[in-house]
Amino acid sequence: MACLLETPIRMSVLSEVTASSRHYVDRLFDPDPQKVLQGVIDMKNAVIGNNKQKANLIVLGAVPRLLYLLQQETSSTELKTECAVVLGSLAMGTENNVKSLLDCHIIPALLQGLLSPDLKFIEACLRCLRTIFTSPVTPEELLYTDATVIPHLMALLSRSRYTQEYICQIFSHCCKGPDHQTILFNHGAVQNIAHLLTSVSYKVRMQALKCFSVLAFENPQVSMTLVNVLVDGELLPQIFVKMLQRDKPIEMQLTSAKCLTYMCRAGAIRTDDNCIVLKTLPCLVRMCSKERLLEERVEGAETLAYLIEPDVELQRIASITDHLIAMLADYFKYPSSVSAITDIKRLDHDLKHAHELRQAAFKLYASLGANDEDIRKKIIETENMMDRIVTGLSESSVKVRLAAVRCLHSLSRSVQQLRTSFQDHAVWKPLMKVLQNAPDEILVVASSMLCNLLLEFSPSKEPILESGAVELLCGLTQSENPALRVNGIWALMNMAFQAEQKIKADILRSLSTEQLFRLLSDSDLNVLMKTLGLLRNLLSTRPHIDKIMSTHGKQIMQAVTLILEGEHNIEVKEQTLCILANIADGTTAKELIMTNDDILQKIKYYMGHSHVKLQLAAMFCISNLIWNDEEGSQERQDKLRDMGIVDILHKLSQSPDSNLCDKAKMALQQYLA
């Protein structure tokens with residue numbers, strides 16, 4: 001939006017703009033400085049709480065003139081200060097107002113104002129900057145464009161309690177991600193802000209606390225520093241613990257709990273530390289009770305989910321604290337028809353944001369059920385839980401759908417639940433629907449869960465296969481997102497395990513050999529490992545091995561050769577040798593190895609390798625090739641003897657590794673039989 005509006009545009013809106021609004025703008029151009037000052041003061045009084053008046057003045061071009069006056073050296077400090085106050089008031093209107101101010105380059109003008117020696121003017125500029133930077137339409141990067149700004153703001157922290165409050169608020173809103181954290185940290189944010197936690201002003205303490213929560217989030221460097229910071233002889237974690245006591249305001253309790261949570265997740269505080277187990281965790285559980293406001297319950301549940309996510313002991317403690325699992329069920333019934341909310345505005349707000357409660361509950365259930373079978377059982381037995389999750393999969397909010405899928409994925413790690421609840425509720429149906437058309441972040445979790453539903457003991461495996469899962473999963477293997485490629489191939493690997501020939505043929509046909517070999521040369525190690533796992537599962541049971549090798553043998557042997565010759569780790573080479581062992585178990589397929597001297601030499605080489613895993617895998621190949629009961633075994637034994645395999649077997653029969661020693665002795669018996 002341009003600031004200097006051309007005459008035709010201005011004329012078109014004049015009909016909607018009152019004469020008094022025009023009068024306010026005209027007074028800004030008066031040649032008498034006193035009249036200009038009075039005009040700005042009158043404008044300030046006119047716009048307070050009046051969004052229509054604010055919009056009118058912006059349309060009439062008040063902003064460029066106010067900025068001009070604010071930057072003029074001839075303007076009195078009082079006039080500059082009043083201009084900053086009016087601009088701050090305009091910024092408190094709608095998001096469009098903020099956009100208009102940004103279009104007029106208000107931020108550089110206000111930052112320039114911070115160089116003034118006058119404290120009142122500095123505070124007015126900071127207050128306006130705070131309002132603009134806390135708006136969702138303002139890019140955070142605008143704070144970091146000029147490298148001199150952050151150090152200057154740090155220096156201004158000592159000027160007054162208002163500079164402290166506004167600057168901390170600007171930092172906490174504009175610190176998004178590790179780059180911003182590093183800039184603030186390197187300019188002494190920790191040292192400059194720590195002492196503000198003991199300020200007499202609650203607002204200053206609160207904003208300083210919020211600063212530390214955003215600085216510590218997923219940042220080991222900041223978190224490790226915070227643990228050792230002393231303020232008035234007290235360590236920072238002890239101050240945070242005091243701030244989350246029950247007698248403190250809820251906002252302070254929650255933010256302190258976030259600081260301690262983030263420090264714990266970043267590895268600066270142990271998960272079994274009393275400040276986590278006895279203070280932070282119970283505080284966050286308290287925030288989930290129905291006495292709390294909606295946003296407090298959301299923040300409490302989401303922070304608790306993040307705290308306990310990687311730690312099974314914290315999950316167990318949380319699950320038995322204040323009946324948390326049952327308490328979370330209330331998140332789905334809010335606001336109810338008998339809700340105690342009498343404030344209509346609050347009720348309207350909560351109805352619009354009720355989906356956030358469901359999202360938070362799903363997230364916390366997912367963390368609670370991540371590891372422990374008993375907790376999963378308790379969650380699933382909570383009233384209508386499976387129905388609620390299934391409903392969540394088709395909600396309009398992407399965030400709720402993602403949280404519901406994550407919750408389901410967490411619960412799907414249970415063999416018992418896969419066989420019972422998941423089958424009773426035909427969970428696979430809505431899941432397949434989710435997989436048809438969803439953003440990548442949902443696809444990653446949903447496809448990961450599908451991997452669990454395709455395990456051989458899962459009753460959902462058959463109906464999933466019948467609903468076109470093979471094509472869907474083969475499609476995922478072509479994704480640019482490595483996580484989706486991994487999940488697609490992983491699910492196919494599970495699908496192929498002990499499967500019928502028809503399913504294996506479907507997989508190979510849908511995937512295509514070209515795509516299979518693209519996956520075998522994928523730069524992502526997980527993709528390569530799962531593709532090898534798929535190949536191993538496809539090449540199991542003799543008739544299947546022979547059938548697949550008769551149609552794809554040449555390409556598979558070529559891929560095996562390339563991997564064994566490449567710079568791959570032990571696990572990759574072990575899997576590849578196991579594939580060879582499976583091929584060697586075929587009736588006709590083993591001839592593809594016996595007629596390939598290059599492959600035979602590689603097997604011989606790995607029998608003498610320094611790593612036992614690779615020696616064992618190579619031994620399986622040899623055992624399958626020389627087994628006596630099979631046709632052509634004598635010729636194969638003779639050829640391998642001529643290659644020196646028997647000598648290697650004699651050496652391995654003396655191996656200190658009992659497993660390897662036994663396998664070598666068993667192979668030698670085939671020669672003696």
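Residues 61–97 are 76% helix and 0% strand, and the C-alpha atoms at the two ends of this span lie 12 Å apart. This is a predicted model. An unreviewed UniProt entry lists residues 61–97 as "repeat: ARM". Helix H5 covers residues 62–71. Of its 10 residues, 7 are buried, so H5 is mostly covered. Among the buried residues are Ala-62, Val-63, Arg-65 and Leu-66.

Next come the charged pairs. The count is 36 salt bridges. Three of them are shown here.

| Salt bridge | N to O distance |
|---|---|
| Arg-27 and Asp-42 | 2.7 Å |
| Lys-242 and Glu-234 | 2.8 Å |
| Glu-295 and Arg-346 | 3.0 Å |

The Glu-295 and Arg-346 pair links distant parts of the chain. Glu-295 sits in helix H19 (residues 294–308), Arg-346 in helix H22 (residues 344–368), and 51 residues separate them. Glu-295 is partly exposed, at 33% relative accessibility. Salt bridges with shared partners also join Lys-290, Asp-330, Lys-333 and Glu-383 into one network.

The Lys-242 and Glu-234 pair has two partly exposed partners: Lys-242 has 43% relative accessibility, and Glu-234 has 22%.

Now consider a loop residue. Glu-630 lies between helix H40 (612–626) and helix H41 (633–642). Is Glu-630 buried or exposed? Its relative accessibility is 16%, so Glu-630 counts as buried. The side chain of Glu-630 makes a polar contact with the side chain of Arg-542, at 2.4 Å. Beyond its neighbours within four places in sequence, Glu-630 is in contact with Arg-542, Lys-590, Asn-624 and Arg-636.

Methods. Residues are numbered from 1 along each chain as its sequence is written. This is a predicted model: local features need pLDDT of at least 70, side-chain atom pairs count only at pLDDT 80 or more; totals for chains, interfaces and linings use all residues. Side-chain values use heavy atoms; hydrogens and water are left out. Helices (H or I, at least four residues) and strands (E, at least two) are DSSP runs, numbered from the N terminus. Buried means under 20% relative accessible area, exposed over 50%, partly exposed in between (1.4 Å probe, protein chains only). A polar contact is a pair of N or O atoms within 3.5 Å; within protein, one must be able to donate a hydrogen and the other to accept it, and residues adjacent in sequence count only if both atoms are side-chain atoms. Contact means heavy atoms within 4.5 Å. UniProt positions are given in the numbering used here, feature names are shortened, and annotations may be inferred rather than shown by experiment. A salt bridge is a side-chain nitrogen of Lys or Arg within 4 Å of a carboxyl oxygen of Asp or Glu.
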